[in-house]
Amino acid sequence: EHVTAGRGGREVHGRDGQEQPDIRPKRLHRIERGFDVAMTGYDLCPTVSVSTIIEQTRNAMLALWGKEKRKIMLTGHSAGGHLAACMLATDWKAIAPDVPEDLVPAAYAISGVYDLTPLLKVSQNADLRLKDEADAKKVSPLFWSLPPGRIFDSVVGGDESSEFLRHSKIITQAWKGARYEEVPHANHFTVVDPLMREEGWTFPEPDPITGSTRLHEVYTKAD
């Protein structure tokens, strides 16, 4: 299997025009269990639009398929969680008829943002450049349909803000079969700490009935 991790951090440049620090883990463990890991990146707002970032990430998935001819399980944190959900709900056949319709069959999104319409009312929209509600919904996976058979985990730290908790809940309410999990005592930054622990990742065997593999992170409370 092929695991792709989307970069963390906001989808916008810093106030001084420089890119926000890349807070993605420097290493993902357990790749010796048969998983190849690819780390993806993208241009940032306001240089490009959110829709362009989604398109760039889709192109990265297509490039991986072209090189490896393997389906992709996607994980991402914060902005990466948003993109993971977008990739999972993408109609791949409409984009590239020669790829599997379930090119991304499973996604594990951590502290993602799935409804961008509230951002129309905040100052950050000067960078995101969302024009109106219709424009915001086009880049909000909450308003997309999840194709049957695709697996989605929505994970959030129990100590995160009410808005991150809300987003992580509403996406699982909208997408049938999606799973919601709160990580106790974790905030928006410490929720990804297990990615850097050797015991953090577990990759279960395929479901005996559906044949699907759930990308599942096991979090353990520190003593």
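In this predicted model, pLDDT stays under 50 over residues 201-223. The model nonetheless has 56 contacts for this stretch beyond four places in sequence. Across the chain, the mean pLDDT is 80. A value of 70 or more is reached by 72% of the residues. Residues 12-31 also have pLDDT below 50. Beyond near neighbours in sequence, residues 12-31 have 48 contacts in the model.

Charged pairs were examined next. Side chains of opposite charge can pair when their charged atoms come close. The count comes to seven salt bridges. One of these lies within a helix. Arg58 pairs with Glu55, with the closest N and O atoms 3.9 Å apart. Both residues belong to helix H1 (residues 50-68) and are three residues apart, about one turn of the helix. Arg58 is buried, at 16% relative accessible area. Glu55 is partly exposed, at 36%.

A second salt bridge joins two loops. Asp102 and Lys71 meet at 2.9 Å, N to O. Asp102 sits in the loop between helix H3 (92-95) and strand S4 (106-110), and Lys71 in the loop between H1 and strand S3 (72-77), so the pair ties together parts 31 residues apart in sequence. Both side chains are partly exposed: Asp102 has a relative accessible area of 25%, and Lys71 one of 33%.

A further salt bridge links Arg179 and Glu181, at 3.2 Å from N to O. Arg179 is partly exposed, with a relative accessible area of 26%. Glu181 counts as buried because its relative accessibility is 18%, and buried means under 20%. Through shared partners, salt bridges join Asp153, Arg179 and Glu181 into one network.

Key
Residues are numbered from 1 along each chain as its sequence is written. Side-chain values use heavy atoms; hydrogens and water are left out. pLDDT is the predictor's confidence in each residue, from 0 to 100. Contact means heavy atoms within 4.5 Å. A salt bridge is a side-chain nitrogen of Lys or Arg within 4 Å of a carboxyl oxygen of Asp or Glu. Helices (H or I, at least four residues) and strands (E, at least two) are DSSP runs, numbered from the N terminus. Buried means under 20% relative accessible area, exposed over 50%, partly exposed in between (1.4 Å probe, protein chains only).
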